[in-house]
Amino acid sequence: MPDLPQHESPGQVLDVELHILDRQVLDRDDVPIGHVDNIEVDGIEPGRELDPASPPVVTNLVLNSGILPRMFGGRPPASRLHRVPWSAVRNVGTAIELGEPGASFDVTWSERWVRDHVIARIPGGRHAPE
Amino acid sequence: MKKYFAVALGILTAIGGFVDIGDLVTNAVVGSRFGMSLAWVVVVGVVGICLFAQMSGRVAAISGRATFEIIRERLGPRAGAANLGASVLITVMTLTAEVGGVALALQLASGVQPLLWIPLAAFAVWLVIWRVKFSVMENVAGLLGLALVVFGVSLFLLGPDWGDLKTQALQQTSHPRETPLTYWYYAIALFGAAMTPYEVFFFSSGGVEEKWTEEDLVTSRANVLVGFPLGGLLSLCIAGCAATVLLPRGIDVDALSQTVFPVAMGAGQLGLAVVILGVVAATFGAALETGLSAGYALAQFNGWSWGKFRRPAEAARFHLTMIICLVVAVLVLLTGVDPILVTEYSVVFSAIALPLTYLPILVVANDPQYVGEHVNGRLMNAVSTVYLALILVAAIAAIPLMILTKAGA
Amino acid sequence: MLLNDILSLPVVGPEGRLGYVADCRFAIDGSPGPLLADAQLVGLIVAGKHRHGFLGYERTSVRSPAPLAWWFERRQRGSFLVLWEDIESIDDVVRVRPGYTRWSATL
Amino acid sequence: MRLRVVVATIGAIALLVSGCSGSPRDMSMGVREAQSAVGTARLALTSSEDGDTTGSFAEAMVDEAGTRLSSASSTASAFKPTDRRTAAQLEAVTKALGDADTAIRHASEALAGFPGAPSVRDALDELETVATDLGDLAGNLEAPR
């Protein structure tokens, strides 16, 4: 294999599998809210000739929506995709940091449900350990 | 001064926290059947856990990412989920064994049936996880676990033929009553007992819990590099006691009472009281660690909020996971299954799950994005790669050996 | 469109099959947003045999421990980057325009 | 790929078959377990007499020895004799295990100190006799695996 030319892009370069998928997502206060399971882009229409001048851009990260489809194929119903808009992303490093609190994303509903119905009802559940 | 105190405390808790029901039982079984001829495996296992615990701690301190986040990130959904399934299964098995161990030890102290102690012990574990601060929990359990040093004292009081023990350790001759297959089966069990995967989950998550930074690396390295080998030495003393008292009498260990008996013989009733206290502390401490590890693993894999530094309500699914795991452990124990048997299986299954945990740790400990300038050195990488190969061989050989030897019968 | 639908699609060039989509490369260099600029697609990483390799790790500059790096690289040998402007269409297969350029896949 | 599956399956079946069938070695394994149980009970009694252990600890040890002995019996009886020689051996083994069971029960009673229970001294003597018998028996049987 001859040495191929190296393509240089301005800005941070991200390979989806390497840098984004399965990374931990932290909210504004560094609280984990999920992992990236998928990425939504616009600008690709299946079957149409693509426009070289307007590359697709990331619109949403999809969190915790079906580890099973990723393991076995298929996809979860569109209504169950927990989306986080790209505009909420503050930094992409060893974790993906958001600029908003976790409660503003629907991916945290199960956390809130368990909290409200189970954990907070057990005595001491709302107190810090001593 | 405060810094030296922190280092000393860390080392002491590392020693006390190193030995759990798996180490206790496996070392006693091996000592009673093979003498010191498998001592080399303990050494190999301790070096291995030092390597990988240290790496996972370094990754956690610098990047803030605990081990199961790394596993998910580097292995992807399929292999990651396979590892999650295996790790949670083994960790809950170990948790079951530890809770059972607490109950057995309390039975030895009180004469009251273990079935009555099991729910109590599990509830106490939950209460500590629920209410006690991480550092307090770790230090108290670790320091009380130091009572197990009485194994070393008893070994001296028993006055064994040291030359004989040394010969056994150096010649690796298996006892005439044993076959090479059982010898290697127990080699894998000992290896698995020393390198149980929950230890790295707990160690790295503990680093995040205690908010380690780059400056804490020296302390954490000292804890591991001094504490774990001393814990390994303690394991060897357990084996040595069994080799001195039980091996010549043809007694194979299959109960906790036999494990601690040599201490009674060497140090009398006082020694017995101390060793039982040590066993309760060590198994209780390990029950906390395994319970938390199951929660860490599941929460980190799914990206849930986790950690004892948060209020339970701020890590709701994490706490719910641990409650469920404890309930499962109690239900399993209430069927009357022998905790010692659960222990013996859990250490061998540990050996099987090791490669998928240690591969991502090794890879990420070389990645500057995660550890900055603190990437592995050449020697570290060479030794770790050899270990990865070793772990792979042990994992592949474990199941066939288990079937061929009827689980070491 | 969801990106996982593109990952591991077969890639076809003018001279026949080239391999599979192993990864998608983005760069944060689009129009500025509130926190980060938009992430625009640079191109697709095409791999010959193994579709996933070690999740892209082989493309980083990390070369140690040597035996592992050697193994990962071997599994991903021959992969390359195709830029967005060289991609004609994406449906069940990814079609590459005639006269496309192979770029190095390494980061 | 399919070949690999076939080889793996055959390997697994071979392992299972070789691991699970009963053999004369089951008897020696059973005797070995019984020796271990009797030895444990003897240690419990002597150490309790010497004051090295508490009563409840010694009782727990003897209880566990009893459990181990039942497991020894089931280990030994996994073997189904095929000829006269092994049938006679199995009979001897079964009898020795029965004696051991009685001896351990007596040891347990002696420790508990019920009225009419054997003395610790007597229980120890009985255990010693049983241990000797088991030792002789083990020597006659095929060596354990």
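The following questions and answers concern a predicted model of several chains.

Reader: Which two chains share the most contacts among the pairs that touch?
Author: Four pairs of chains touch. Chain A is not in contact with chain D, and their closest C-alpha atoms lie 19 Å apart. Chain C does not touch chain D either, with 15 Å between their nearest C-alpha atoms. Among the four touching pairs, the most contacts are between chains A and C.

Reader: Which strand of chain C supplies the largest share of the side that touches chain A?
Author: The contact joins 43 residues of chain C to 36 residues of chain A. On the side of chain C, at least two residues each come from β2 (16-28), β3 (39-47), β4 (80-83), β5 (87-90) and β7 (103-104). The largest share, six residues, comes from β2(C).

Reader: How many residues of each class make up the side of chain C that touches chain A?
Author: The side in question belongs to a contact in which chain C provides 43 residues. Sorted by class, that side has 10 charged, eight polar and 25 nonpolar residues.

Reader: Which helices of chain D each supply at least two residues to the contact with chain B?
Author: This contact takes 25 residues from chain B and 24 residues from chain D. The residues on the side of chain D divide into 11 polar, eight nonpolar and five charged. The helices that each supply at least two of them are α1 (2-20), α2 (25-50) and α3 (55-77) of chain D.

Reader: Why is chain A described as more spread out than a compact globule?
Author: Chain A has seven strands and three helices, in the order β-α-β-β-β-α-β-β-β-α along the sequence. For its 130 residues the globule rule gives 14 Å, and the chain is well over that value, so it is more spread out than a compact globule. Its C-alpha atoms fill a box of roughly 65 × 30 × 30 Å along the principal axes. The radius of gyration behind this description is 19 Å.

Reader: What percentage of the residues of chain A count as buried?
Author: A residue counts as buried if 20 or more other C-beta atoms lie within 10 Å of its own. One example is D22(A), which is buried because it has 23 such neighbours. Of the 130 residues of chain A, the buried share is 42%.

Reader: Where is D22(A) found, given its positive phi?
Author: Most residues other than glycine have a negative phi. Phi of D22(A), by contrast, is near 65 degrees. D22(A) is found in the loop between α1 (16-20) and β2 (24-26) of chain A.

Reader: Is K211(B) buried or exposed?
Author: K211(B) also has a positive phi, near 55 degrees, and lies in the loop between α10 and α11 of chain B. A residue counts as exposed if 12 or fewer other C-beta atoms lie within 10 Å. K211(B) has 11 such neighbours and is therefore exposed.

Reader: Are α2(B) and α9(B) roughly parallel or roughly antiparallel?
Author: The axes of α2 (residues 21-34) and α9 (residues 180-194) of chain B come within 9 Å and cross at roughly 155 degrees. Their crossing is left-handed, and the contact is made by residues including V30(B) and F34(B) of α2(B) and Y186(B) and L190(B) of α9(B). Angles over 145 degrees count as roughly antiparallel, and the two helices are therefore roughly antiparallel.

Reader: Are α3(B) and α10(B) roughly parallel or roughly antiparallel?
Author: The axes of α3 (residues 39-63) and α10 (residues 197-209) of chain B come within 8 Å and cross at roughly 30 degrees. The crossing is right-handed, and the residues that meet include F52(B) of α3(B) and F203(B) of α10(B). Angles under 35 degrees count as roughly parallel, and α3(B) and α10(B) are therefore roughly parallel.

Reader: Which residues does L234(B) touch, beyond those up to four places away in sequence?
Author: L234(B) lies in helix α11 (residues 217-245) of chain B. L234(B) is buried, with 25 other C-beta atoms within 10 Å. The residues touched are I15(B), V19(B), L148(B), V149(B), F151(B) and G152(B).

Reader: What is omega near for the cis peptide bond from S64(C) to P65(C)?
Author: Most peptide bonds are trans. P65(C) is found in the loop between β3 and α1 (66-75) of chain C. The bond from S64(C) to P65(C) is cis, with omega near -5 degrees.

How values were computed
Residues numbered from 1 in each chain as written. Chains lettered and ligands numbered in written order. Predicted model: local features only at pLDDT ≥ 70, side-chain atom pairs only at ≥ 80, totals over all residues. Axes fitted to C-alpha atoms, helices over the stretch in contact; angles between N-to-C directions. Helix = DSSP H or I, 4+ residues; strand = E, 2+ residues; numbered from the N terminus. Parallel < 35°, antiparallel > 145°, perpendicular 65-115°, else oblique. Left-handed = near helix turned anticlockwise from the far one by under 90°. Contact = placed C-beta atoms within 7 Å. Nonpolar A, V, L, I, M, F, W, Y, C, P; charged D, E, K, R; others polar. Rg over C-alpha atoms; globule rule 2.2 N^0.38 Å.
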